[in-house]
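Me: I should like a close look at one part of this structure, the largest nonpolar core, followed by an account of its surroundings. Which residues in the largest nonpolar core touch the most other members?

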Amino acid sequence: MTDFRKTTPARRTSVPAYKTHNEYKSLLCEDFHQRCGYCGDHEFFRDTYYEVDHFVPKKHLVNISPTEYSNLVYSCRSCNNSKRAKWPTKDENIHNDGKQGFIDPCDAAYAEQFERLADGSIHSTTDLGDWMWSALNFGNPVHRVKWKLEEVKILLKELDEVSIDSLEEMKTKDELNRLYRELEEQFRGKPNFA
């Protein structure tokens, strides 16, 4: 089965001992392939900085340190703000009851809860996926738009490798690249002073 996020994250097992969870951000960024562990959005299109989420929220931690690397997730602000301290089981050792709760995004079972539709939107495929979809606000159109924008970026990069002889086709390619850059600037919040 293909992961709806393009790639399944995997946390490294050996990390330095840091005093704060945010000091792990660069390691998490690598382990999560510069993508939000929850929705799969690539950080390239961030309109805000990516964050470090506590998978089991800090208020429910009893035996786990708030800086425990295995409990940290590289997260876009949309998912992190949506998830917040939601933890239906109230127990750090029980992630879900089969219908409500979460699956660690590094667990292969996480990807089985969702699929990516052709329009870039995320669709749940299980009851637990339905709950997580709602809790993480996967219906937010930003996830669909970022996904499609990334697809266009990849196609344009492939097009750059194609040899074009026709002046008309070259103009069309240049226009597509210009439109893409304009969309990207708008999405990333950069002002266009042209």
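Reply: A nonpolar core is here a set of buried Ala, Val, Leu, Ile, Met, Phe, Trp, Tyr and Cys residues joined through side-chain atoms within 4.5 Å. Buried means under 20% relative accessible area, exposed means over 50%, and partly exposed lies in between, with a 1.4 Å probe and protein chains only. The model is predicted: local features need a pLDDT of at least 70 and side-chain atom pairs count only at pLDDT 80 or more, whereas totals for chains, interfaces and linings use all residues. Residues are numbered from 1 along each chain as its sequence is written, and side-chain values use heavy atoms, with hydrogens and water left out.

The largest nonpolar core has 31 residues, and those that touch the most other members are L28, Y38, Y110, M132 and F138. Two or more residues of this core come from each of α1, β2 (72-75) and α4; helices (H or I, at least four residues) and strands (E, at least two) are DSSP runs numbered from the N terminus. In soluble globular proteins, nonpolar side chains tend to be buried together.

Y110 gives a detailed view of this core. Leaving aside residues up to four places away in sequence, Y110 is in contact (heavy atoms within 4.5 Å) with F4, R5, G37, Y38, I103, D104, P105, M132, L136 and F138. Three of these partners, Y38, M132 and F138, are also listed with Y110 among the core residues that touch the most other members.

The core belongs to a chain with 6 helices and 4 strands, arranged from the N terminus as α-β-β-α-α-β-β-α-α-α. Buried residues account for 40% of the 194 residues. Of the contacts between residues at least 6 apart in sequence, 67% connect residues at least 24 apart. The C-alpha atoms occupy a box of roughly 65 × 35 × 30 Å along the principal axes.

Confidence can be read from pLDDT, the predictor's score for each residue from 0 to 100. The chain averages 89, and 93% of its residues score at least 70. Helix α4 (residues 127-135), which contributes to the core, has the highest mean among the elements at 98, while helix α6 (residues 167-188) has the lowest at 79.

Charged pairs complete the picture. Side chains of opposite charge can pair when their charged atoms come close. With a salt bridge taken as a side-chain nitrogen of Lys or Arg within 4 Å of a carboxyl oxygen of Asp or Glu, the count is 12. One of them joins D53 to K83, with an N to O distance of 3.4 Å. D53 belongs to strand β1 (residues 51-54) and K83 to helix α2 (residues 77-83), so-called distant parts of the chain, 30 residues apart. Both of these charged residues are buried.

A second salt bridge involves helix α4: the closest N and O atoms of K99 and D127 are 3.5 Å apart. K99 is in the loop between α2 and α3 (108-111) and D127 is in helix α4, so the bridge ties together parts 28 residues apart in sequence. K99 is exposed, at 54% relative accessible area, whereas D127 is partly exposed at 47%.

A third salt bridge is contained in one helix. K148 and E151 meet at 2.9 Å, N to O; because they are 3 residues apart in helix α5 (residues 141-160), about one helical turn separates them. K148 is partly exposed at 32%, and E151 is likewise partly exposed at 32%. Elsewhere, salt bridges with shared partners join K6, R35 and E150 into one network.

E23, in the segment before α1 (25-31), is partly exposed at 38% relative accessibility. Its side chain makes polar contacts, that is, pairs of N or O atoms within 3.5 Å in which, within protein, one atom can donate a hydrogen and the other accept it, residues adjacent in sequence counting only if both atoms are side-chain atoms. The side chain of E23 reaches the backbone nitrogen of K19 at 3.1 Å and that of T20 at 2.9 Å.

Finally, two loop residues deserve a note on backbone geometry. Most residues other than glycine have a negative phi. H33, in the loop between α1 and β1, has a positive phi of about 60 degrees and is partly exposed at 33%. K90, in the loop between α2 and α3, also has a positive phi, near 60 degrees, and is exposed at 58%.
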